[in-house]
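User: I'm new to protein structures and I'd like a close look at just one part. Pick a spot and walk me through what sits around it, please.

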Amino acid sequence: MEFHQELDARGLRCPLPILRCKKALSDVAAGEILKVTATDPGSVKDFQAFCKQTGHEMLAMAENADAPEKEFIFHIKKRLA
């Protein structure tokens, strides 16, 4: 999937992945896509709740079990307004 900016949140624990995501989304234009890679297992529920509360759209969510530590990959589209 195409994206406009990428955030590496691997190795960070709650709430840092969400806080870094919020900051990264402030740097992209409305409608653009942010790719986030995280290793915190709680990030799955955290990012789903974050998108629901803020109005950003979770376009895709995937797991990379082949990495040394399981990675969770999110594609988040910034809300339009």
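Analyst: **Around two lysines**

Leaving out neighbours within four places in sequence, Lys35 is in contact (heavy atoms within 4.5 Å) with Phe3, Gln5, Glu6, Leu7, Ile73, Phe74 and His75. This is a predicted model, where local features need pLDDT of at least 70, side-chain atom pairs count only at pLDDT 80 or more, and totals for chains, interfaces and linings use all residues. Residues are numbered from 1 along each chain as its sequence is written, and side-chain values use heavy atoms, with hydrogens and water left out.

Lys35 belongs to strand β2, residues 33–38 (strands are DSSP runs of E, at least two residues, numbered from the N terminus). Lys35 counts as buried because its relative accessible area is 18%, and buried means under 20% with a 1.4 Å probe, protein chains only. From Lys35 to Ala60 you step 25 residues along the sequence, yet their C-alphas are 9.4 Å apart in space.

Now hop over to Lys78, which sits in the segment after β4 (71–77). Lys78 is buried too, but has no salt bridge (a side-chain nitrogen of Lys or Arg within 4 Å of a carboxyl oxygen of Asp or Glu). The nearest side chain of opposite charge (Lys and Arg count as positive, Asp and Glu as negative; His and chain ends aren't counted) is Asp27, 7.7 Å away.

So what does the side chain of Lys78 reach at 2.8 Å? The backbone oxygen of Leu25. The backbone oxygen of Val28 also lies 2.8 Å from a polar atom of the Lys78 side chain. Setting aside neighbours within four places in sequence, Lys78 has contacts that include Leu25, Val28, Glu32 and His56.

Methods
Helices (H or I, at least four residues) and strands (E, at least two) are DSSP runs, numbered from the N terminus. Buried means under 20% relative accessible area, exposed over 50%, partly exposed in between (1.4 Å probe, protein chains only). A polar contact is a pair of N or O atoms within 3.5 Å; within protein, one must be able to donate a hydrogen and the other to accept it, and residues adjacent in sequence count only if both atoms are side-chain atoms.
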